[in-house]
Amino acid sequence: MSFSPLAYADSLRIGSIDFVSPDEIKVLLDIEAPDNLAMNTGTPRPFPRINGYVLVPSDAGYLVAQVEWITIERSQYPKRKGMQDFGLVDLPYPLRKMSLNPLGGLAYEGQSAGKERYSFRRGVETYPTVGDPVLLPTQSQLRAIVESGENRRVKIGISPLAANAEVKVDPDRLFGRHLAVLGNTGSGKSCSVAGLIRWSMEAARHARGGADPNARFIVLDPNGEYAKAFDGLGKVRVFAVEPKPDSGIEQLQVPLWFWNSAEWSAFTQASAKVQRPTLIQSLRAVRDGAVEAAATPSHDMRRFLRTLVSVTQIERSAGRPWANFPHPKNFFEKIKKWQEGLENDTSFSADESIALAAVRDQISTFANARTGQYPTYDFTRLEIDNFLGLTKAAHAAFGGSDTDVLPIDADVPRAFTGDQLLRSVEANAELLGVSEYVETMLMRIRTILSDSRMKTITGNAEGVTLHEWLANTIGDDQASNGTITVIDLSLVPAEVVHIVTAVIARMMLESLQRYRQLNHGKTLPTVLVMEEAHTFIKRYQDDAENQNSAAICCQVFEKIAREGRKFGLGLVLSSQRPSELSPTVLSQCNSYLLHRISNDRDQELVHRLVPDNLRGLLRDLPSLPSRHAILLGWASELPVLVQMNALPESQRPKSDDPDFWEVWSGKKENEIGEIEAVERTVDWTAIAGDWQQIAPVPNNEASDEGGAS
């Protein structure tokens with residue numbers, strides 16, 4: 001028996017509209033509407049169901065709405081269609097109502113292969129009116145709603161609310177405009193992140209006919225969970241503090257010369273007035289090779305004169321030689337100190353000696369004019385200009401040029417050693433007359449040079465070149481050395497973990513900026529994944545005078561969030577405490593994958609972040625089961641509840657809950673129902689030896705020593 005189109009549409013009717021506003025539609029359900037299970041849509045489907053979908057006929061097709069709440073009101077009599085009162089006695093009767101959130105429109109596109117085709121478009125053009133019918137969507141309509149959107153290339157799961165329709169995403173949308181994966185511990189965040197990477201790579205490999213894709217994923221892993229999560233995806237580069245060549249884990253190296261001036265200032269806690277300018281000048285000198293042994297005394301003097309010219313220009317621009325006391329006296333003391341380094345040498349030529357003597361004589365003239373009982377230390381601009389001219393002439397006599405005088409950028413990643421930086425800071429502090437003010441900064445630099453834990457990461461970098469580091473970390477040409485890099489930060493010392501993370505992230509952004517510049521605007525798509533983002537992208541006090549390592553790290557990710565998309569760098573954040581994240585970074589995320597969130601502050605933040613009218617859907621967050629999440633934002637045409645694809649245990653990050661009972665009871669049941677023994681032994685001697693970085697004493701030697709004593 002077949003229904004006419006009108007009769008079939010009438011069979012899908014569940015009620016009529018009772019109230020309309022731009023953000024809410026109330027529906028009066030018919031008595032004949034299903035109260036548990038709908039059988040008239042082609043496949044049995046639960047109805048009514050919170051966050052399910054219904055349709056309202058419109059001129060352009062259908063208005064798609066989502067169920068927000070369902071309630072019962074008491075009516076004096078049952079309002080059955082086409083019938084009047086049943087009898088003389090009026091009895092209370094349940095009258096069901098539900099509230100809808102309008103989402104968009106569903107248009108009929110014709111038939112293909114005997115099936116109806118529909119297209120969903122977000123946004124509401126015209127609203128229905130009171131009395132309009134409300135319909136249940138058919139299977140094809142329901143799938144069209146959930147499976148809407150173009151370039152749906154990667155399947156990430158199914159929608160339990162839409163007859164298990166496939167949920168697919170466009171990688172350009174998902175990764176191109178930043179993704180935030182938020183949820184409580186144990187809700188499935190890490191598996192979702194690992195799955196998104198794996199499913200994307202498998203889909204790309206299939207599109208390439210089995211060849212490895214030209215893709216780049218860099219996972220910053222603070223807990224050491226992802227080392228084995230991508231087995232089977234080709235080459236995966238894993239870097240850790242403690243390398244294990246047998247397992248393919250290489251040494252993590254972030255050389256000191258990668259660090260820029262802001263990162264050095266944060267690590268050394270350099271003060272803004274004296275220590276930071278000295279540090280920046282020292283970095284300029286050491287990156288320019290000024291602390292290397294000079295080939296000749298003439299070459300050494302040229303470098304010294306170049307520094308004098310640079311410092312004098314800086315002092316002149318700041319107006320210190322004629323500023324309020326004590327600035328002029330400080331400048332006077334500096335140039336008197338400089339005079340000690342302007343001694344003549346027998347190897348100097350006649351022109352070099354004459355030019356050098358002119359500078360010394362000018363300093364002596366300054367000193368003689370400022371002697372007596374009540375000297376004044378102010379300088380005139382003419383005096384400073386004459387002194388600067390003599391210094392430039394001497395610098396030119398020793399072979400210097402005007403371009404030589406321009407200070408090199410303190411942040412250019414040119415190689416130097418820690419000892420060279422230490423000598424450069426000491427020399428520049430002596431030159432600037434501030435040696436007594438930089439002792440604490442020097443002590444912190446010596447700490448990182450002597451700490452054996454830090455040496456493995458920052459110190460032992462002989463032979464490391466910038467291009468090799470970029471190729472190993474971001475990926476070589478055509479991703480020939482693998483598509484995924486896992487950087488295990490679990491054993492990085494707490495003193496430098498934020499700086500190391502900031503350096504790695506910043507180097508990626510700056511390298512991709514230069515790639516676009518050298519390739520006529522083309523980008524190299526790269527995805528940076530930050531696990532435990534609330535630790536590294538934590539909101540901070542905006543105090544320009546004193547920026548600590550955590551603030552510097554957060555600022556790097558804020559810059560990536562604001563500018564990364566233009567250079568092909570996508571950001572994926574995973575966090576269990578979104579309320580602690582930087583508001584700047586979260587506001588730049590255009591897509592969200594929300595797992596179970598029970599904390600009220602985190603829920604409140606998520607409600608404020610999302611731009612959609614999702615009051616009903618987001619109320620599901622505290623009760624979502626594991627592997628279930630709400631996908632919303634730019635990556636999805638409409639908010640949808642997703643049951644994420646299952647990952648085999650071997651492909652999951654190592655973030656499972658502790659197995660207390662199995663260890664306590666000494667047994668567990670495997671996948672086929674067999675009972676297996678569980679043994680968990682501990683060797684604290686080996687742990688202590690590894691911790692103290694000493695070789696453990698074998699048990700037999702220890703017993704022999706005990707017997708001998």
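The following paragraphs describe the fold, strand pairing, helix packing and cysteines of a predicted model.

Residues are numbered from 1 along each chain as its sequence is written. In this predicted model, local features need pLDDT of at least 70 and side-chain atom pairs count only at pLDDT 80 or more, whereas totals for chains, interfaces and linings use all residues; side-chain values use heavy atoms, with hydrogens and water left out.

The protein has 24 helices and 23 strands, taken as DSSP runs (H or I of at least four residues for helices, E of at least two for strands) and numbered from the N terminus. Of its 709 residues, 46% are buried (under 20% relative accessible area, with exposed meaning over 50% and partly exposed in between; 1.4 Å probe, protein chains only). The exposed area of the protein is about 35,600 Å², of which carbon and sulfur atoms supply 49% (Shrake-Rupley method, 1.4 Å probe; for residues, only the protein chains shown count as cover). Among contacts (heavy atoms within 4.5 Å) between residues at least 6 apart in sequence, 70% join residues at least 24 apart.

An open sheet of 12 strands shows mixed pairing (at least two DSSP bridges between two strands) and has the order 11-10-21-20-19-12-18-17-13-16-14-15. Strand 11 (165-169) and strand 15 (249-251) stand at its edges with a single partner strand each, so one side of each has no neighbour in the sheet. From one strand to the next, the twist averages 25 degrees. Within this order, strand 17 (residues 526-530) and strand 18 (residues 569-575) run parallel and are joined by five bridges; methionine 530 stands opposite leucine 573 in strand 18.

Helix 18 (residues 549-563) lies across strand 13, strand 17 and strand 18, at about 125 degrees to strand 18 (axes are lines fitted to C-alpha atoms, for helices over the stretch in contact, and angles run from 0 to 180 degrees between N-to-C directions). Helix 4 (residues 189-207) lies across several strands, including strand 10 (154-159), to which it runs at about 130 degrees.

Strand 1 (residues 13-21) is joined to strand 9 (residues 133-135) by three antiparallel bridges, with glycine 15 partnered by valine 134. Strand 1 also pairs antiparallel with strand 2 (residues 24-29) over six bridges, and serine 16 has leucine 28 as its bridge partner. Two residues separate strand 1 from strand 2 in this hairpin.

The structure holds zero disulfides (pairs of cysteine sulfur atoms within 2.5 Å). For cysteine 554, the nearest cysteine sulfur belongs to cysteine 553, 7.4 Å away. Cysteine 554 is buried, at a relative accessible area of 0%, and cysteine 589 is buried at 5%.
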